[in-house]
Structures are given as C-alpha cells and as structure tokens.
Protein chains: 2
Amino acid sequence: MERQTKPRKMIIDCLNNLHHASFDDIFSYLEENNESKKISLSTFYRNISFLEQDGIIRKVDSAMSEPFYELTNMPKHDHFICTKCHKIVDIPRKIKKEKYDDYGNLIQEISINEYGICKDCLEKSKV
Amino acid sequence: MERQTKPRKMIIDCLNNLHHASFDDIFSYLEENNESKKISLSTFYRNISFLEQDGIIRKVDSAMSEPFYELTNMPKHDHFICTKCHKIVDIPRKIKKEKYDDYGNLIQEISINEYGICKDCLEKSKV
DNA sequence: TGCTAATTAAGAAAAATTCTCAATAGTAAA
DNA sequence: TTTACTATTGAGAATTTTTCTTAATTAGCA
C-alpha cells in the first residue's frame with residue numbers, strides 16, 4: 001500500500017508550485033521547505049521512481065535542456081523550452097493525433113518539444 | 001585540430017550502418033569490429049562528446065526508451081519508436097514549422113517522438 | 001492508543017562518468 | 001618517405017551518480 005509520507009507529499013507539492021522542475025530543482029525545494037529533519041538522497045531517488053512508476057509524475061526528456069518532471073494530471077500538452085532563460089511553457093496540442101501513420105505504424109503517444117526564444121526574452125532583447 | 005582517429009571513424013562507421021544506436025550499442029560495435037587492440041571506455045566517452053559538440057552526431061532523448069545517437073547529416077525528420085521491438089524509424093517531417101507560436105514565442109527547433117506499435121509487430125500479432 | 005508493515009535516514013556498495021598522464025599515432029612540413 | 005610536433009589514446013585512479021542495506025521511524029488502521 002502506498003503511504004502518504006512527507007517526502008512524497010513534498011515532491012507533489014513542489015511540482016504543483018513549479019509545474020516543471022528538474023531532479024535537482026525538486027531536491028532543493030525539499031531541502032528548503034522542510035523545517036525539521038533533512039531528507040535523505042536515497043529516499044528522494046526512491047520516491048521519484050515510485051511516483052513515476054505509479055504514473056503520478058512524468059519525466060520529460062529534452063535534447064537541449066536537462067530532463068524535467070511534471071505532474072501527469074493535466075491535459076495533454078507539448079512543451080516550449082526557451083534556450084535563453086530556460087523557461088518551460090506548456091503548449092496545448094494543436095495537431096490532431098492520427099491512429100496510423102503513412103507507413104502503417106500504430107501511433108499511441110506523441111511527444112513534442114519546441115525550442116526557441118520565449119516572448120519575454122524577445123521583448124527584453126528588443127530594447 | 002580534429003584528427004581522424006580510429007575510434008572516431010568507427011563511431012561514425014557504426015552510425016552509418018545502424019542509423020540509430022544507443023551508447024552501449026555503439027560501444028559493442030566498436031568492440032566487435034576492431035581486430036587489433038580494444039578501445040578504452042574513457043576514450044569512447046571522450047569521443048562521443050567530441051562528435052556531439054562538433055555537431056557530427058546527435059543524441060536523441062526518448063521518454064520511453066534509452067537515448068540513442070544518429071548522424072546529423074541527414075534531412076530533418078522525426079522518430080517513430082516501437083514500444084514492442086524497440087525499432088526506431090525515421091519519419092519525414094510533415095508539419096510545416098511556423099516562425100512564431102500563438103503566444104509570441106520564436107520557434108527555432110522542434111523535436112517530435114512518436115511511440116506505438118510498428119507495422120511489422122502489428123502484422124506479427126495479427127496471426 | 002497501540003500494532004504492524006511500509007518507509008525513512010544514513011551510509012555502504014555499485015555503477016557511471018570524468019580525469020590524469022605516459023605512450024602512441026595522425027598530420028604537416030622537410 | 002622521414003621527421004617532428006602535438007592531439008589523442010589506453011589504463012586505471014578519482015569523482016560523481018545511483019542503488020542497496022538495515023536499524024529506527026512513522027502512517028494508517030483496528
């Protein structure tokens with residue numbers, strides 16, 4: 001049975017606040033936000049795996065940034081990753097998923113990452 | 001200056017043959033295909049980084065499989081990854097890239113991974 | 001409140017990656 | 001072709017990352 005322990009609650013708490021966070025981001029968050037005793041690194045590793053296996057959090061791999069985690073309980077979306085400020089923005093998926101591609105492969109899942117300069121960075125550099 | 005050493009040539013050779021190969025795939029290839037002395041692991045790590053930095057090979061991260069490498073000197077494409085036989089298929093990109101998204105972010109690069117069951121696996125399971 | 005099994009913290013162990021340096025081998029010039 | 005120069009290699013040490021082990025703790029239930 002899965003118990004509602006403090007480290008687990010805090011990881012979810014972190015992702016509820018940050019929305020996208022790397023392994024280290026989450027660990028730092030836990031270190032900063034727990035008054036009492038500090039969290040063990042091995043416990044942290046273990047819980048990240050648990051939550052991932054249970055489908056509560058998801059790891060998103062990215063070619064141009066370090067992988068990050070997000071909660072799975074949100075509508076399907078893609079990611080825009082700013083190569084300047086490293087901000088990650090959720091983008092609603094526009095492309096309709098086809099069942100089969102042109103070659104007869106059954107498509108069950110798609111992952112799309114967009115890389116570029118976010119609106120904020122564009123405006124800053126314009127000045 | 002970049003020298004044309006044996007380990008480097010063999011990594012490129014490997015990717016020319018296999019098209020998509022994980023770190024371990026490539027290392028095994030080098031071990032099998034060099035008669036004389038064996039390649040050092042540290043040398044291998046070093047050269048993978050070099051070739052990646054020089055933009056000769058590219059690492060493709062994938063949420064549902066281990067990361068793989070490919071040569072960069074091929075037309076822009078996406079990847080279909082079979083979750084059954086783990087085959088990776090290059091898919092020509094259909095979607096035209098827009099310069100800006102709906103939110104004003106400048107898009108410079110897109111990476112798309114499709115996951116599912118490939119044609120061959122579908123046919124095998126049909127029988 | 002007390003019981004019980006899941007979970008934790010801490011550090012040991014293992015695995016992955018990087019670093020060090022003497023020996024080797026590409027490459028350019030003679 | 002031979003020589004000289006220096007980037008690169010191989011081997012293992014060092015470091016970093018991840019997993020494992022175990023006694024102590026704690027969440028959840030009776």
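**Two domains and two DNA strands**

Modeller: Hi! In this predicted model, six residues of domain 1 of chain A are in contact with seven residues of domain 2 of chain A.

Biologist: Nice. What classes of residue are on the domain 1 side that touches domain 2 in chain A?

Modeller: Three are nonpolar and three are polar, with no charged residues on that side.

Biologist: Where do the two domains of chain A fall in the numbering?

Modeller: Domain 1 of chain A covers 6-70, and domain 2 covers 75-126. Their centres, taken over C-alpha atoms, are separated by 22 Å.

Biologist: Let's switch to the DNA. How many residues surround strand D?

Modeller: There are 21 around DNA strand D, and the closest are Gln4(A), Ser42(A), Ser40(B), Ser42(B) and Thr43(B). The elements giving two or more residues to that surface are α3 (41-53) of chain A, plus α1 (6-18) and α3 (41-53) of chain B.

Biologist: Which element gives the most there?

Modeller: That's α3(B), with four residues. By class, the surface near strand D has five nonpolar, eight polar and eight charged residues.

Biologist: And which residues come nearest to strand C?

Modeller: Of the 21 residues around DNA strand C, the nearest are Ser40(A), Ser42(A), Thr43(A), Gln4(B) and Ser42(B). Here α1 (6-18) and α3 of chain A, together with α3 of chain B, are the elements that give two or more residues.

Biologist: Which element gives the most near strand C?

Modeller: α3(A) does, with four residues. The surface near strand C divides into five nonpolar, eight polar and eight charged residues.

Methods. Residues are numbered from 1 along each chain as its sequence is written. Chains are lettered from A and ligands numbered from 1 in the order in which they are written. This is a predicted model: local features need pLDDT of at least 70, side-chain atom pairs count only at pLDDT 80 or more; totals for chains, interfaces and linings use all residues. A residue is near a molecule or strand if its C-beta atom, placed from the backbone, lies within 6 Å of it. Ala, Val, Leu, Ile, Met, Phe, Trp, Tyr, Cys and Pro count as nonpolar, Asp, Glu, Lys and Arg as charged, and the others, Gly among them, as polar. Domain bounds come from an automatic or database domain assignment. Two residues are in contact if their C-beta atoms, placed from the backbone, lie within 7 Å.
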